[in-house]
Amino acid sequence: RFFPENTETENLPKIIFGDFNLKDDNPIFQEFIGNLEKLDITRLPINEATYKFAKSNKAIDHVFYSNDFVVNSYEVIKNINTSDHYPIIVDLDLKK
């Protein structure tokens, strides 16, 4: 199982995010995304590097959200030097 049991049974809004160290074209990550989609959880399509030393323009940090939310905007902040990863700011609204 890839989540605690209550993730599938609790009908609560969900946000999952972090440094997955996997690009979205990785087969293992694709399987993970598919499992989340079965729970009505969507990956935010971040189409730029989130790691400062990346050799490609693909994110390895990801944000997922349940269909309880609407994404208004997101931004990868690249002008900050607190980590080797860029922060991601996401503006979400809970659907009424």
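# Exercises on a predicted protein chain

D40 sits in the loop between α2 and β2. This residue returns in one of the exercises below, all of which use a predicted model.

## Exercise 1: the order of the elements

Task. State how many helices and strands the protein chain has, and give their order from the N terminus.

Solution. Step 1: the count is two helices and five strands. Step 2: read from the N terminus, the order is α-β-α-β-β-β-β. Step 3: for the overall extent, the C-alpha trace spans about 40 × 30 × 20 Å along its principal axes.

## Exercise 2: the chain as a whole

Task. Describe the protein chain by its burial, its contacts, its exposed area and its charges.

Solution. Step 1: the chain has 96 residues, and 30% of them count as buried. Step 2: take the contacts with a separation of 6 or more; residues 24 or more positions apart account for 61% of these. Step 3: about 6,500 Å² is exposed, and carbon and sulfur atoms supply 49% of that area. Step 4: there are 11 positive and 16 negative charges, and their mean positions lie 4 Å apart.

## Exercise 3: the nonpolar cores

Task. List the residues of the largest nonpolar core, and name the strands that each supply at least two of them.

Solution. Step 1: recall that nonpolar side chains in soluble globular proteins tend to be buried together. Step 2: the largest core holds nine residues, namely L44, I46, A59, V63, Y65, F69, V76, Y86 and L92. Step 3: at least two residues of this core come from β3 (61-66), and at least two from β4 (69-76). Step 4: a second, separate core has seven residues, among them I16, F29, I33 and I41.

As a follow-up, which residues does L92 touch, leaving out those up to four places away in sequence? They are I15, F69, V70, V71 and N72.

## Exercise 4: a phenylalanine in a loop

Task. Locate F53 and decide whether this residue is buried or exposed.

Solution. Step 1: F53 lies in the loop between β2 (41-43) and β3. Step 2: its relative accessible area is 56%. Step 3: exposed means over 50%, so F53 is exposed. Step 4: F53 and D84 are 31 residues apart along the chain, while their C-alpha atoms are separated by 7.4 Å.

## Exercise 5: the aromatic pairs

Task. Classify the ring pair of F20 and F32 and the ring pair of F29 and F32.

Solution. Step 1: two values describe a pair of aromatic rings, the distance of the centres and the angle of the planes. Step 2: the whole structure contains seven aromatic pairs. Step 3: for F20 and F32 the values are 5.6 Å centre to centre and 50 degrees between the planes, and the pair is tilted. Step 4: F20 is in the loop between β1 (15-19) and α2 (27-38) and F32 is in helix α2, so this pair ties together parts twelve residues apart in sequence. Step 5: for F29 and F32 the centres are 5.9 Å apart and the planes are at 20 degrees, so the pair is stacked. Step 6: both F29 and F32 belong to helix α2, three residues apart, which is about one turn of the helix.

Task. Sort F20, F29 and F32 by how they are covered.

Solution. Step 1: buried means under 20% relative accessible area. Step 2: F29, at 1%, is buried, and F32, at 18%, is buried. Step 3: F20, at 23%, is partly exposed. Step 4: ring pairs join F20, F29, F32 and F64 into a cluster. Step 5: beyond four places in sequence, F20 touches F29, F32, I60, D61, H62 and F64. Step 6: F20 and V63 are 43 residues apart in sequence, and their C-alpha atoms are 9.8 Å apart in space.

## Exercise 6: positive phi values

Task. Say what the phi values of N21 and D40 are near, and where these residues lie.

Solution. Step 1: most residues other than glycine have a negative phi. Step 2: N21 has a phi near 55 degrees, which is positive. Step 3: D40 also has a positive phi, near 60 degrees. Step 4: N21 is in the loop between β1 and α2, and D40 is in the loop between α2 and β2. Step 5: N21 counts as exposed at 51% relative accessibility, whereas D40 counts as partly exposed at 45%.

How values were computed: Residues numbered from 1 in each chain as written. Predicted model: local features only at pLDDT ≥ 70, side-chain atom pairs only at ≥ 80, totals over all residues. Heavy atoms only, no water. Helix = DSSP H or I, 4+ residues; strand = E, 2+ residues; numbered from the N terminus. Buried < 20%, exposed > 50% of the residue type's maximum accessible area, 1.4 Å probe, protein only. Contact = heavy atoms within 4.5 Å. Areas by Shrake-Rupley, 256 points an atom, 1.4 Å probe, with all protein chains shown as cover. Lys, Arg positive; Asp, Glu negative; His and termini not counted. Charge placed at Lys NZ, Arg CZ, Asp CG, Glu CD. Core = buried A, V, L, I, M, F, W, Y, C linked by side-chain atoms within 4.5 Å. Phe/Tyr/Trp six-rings, centres within 6.5 Å; stacked < 30°, edge-to-face > 60°.
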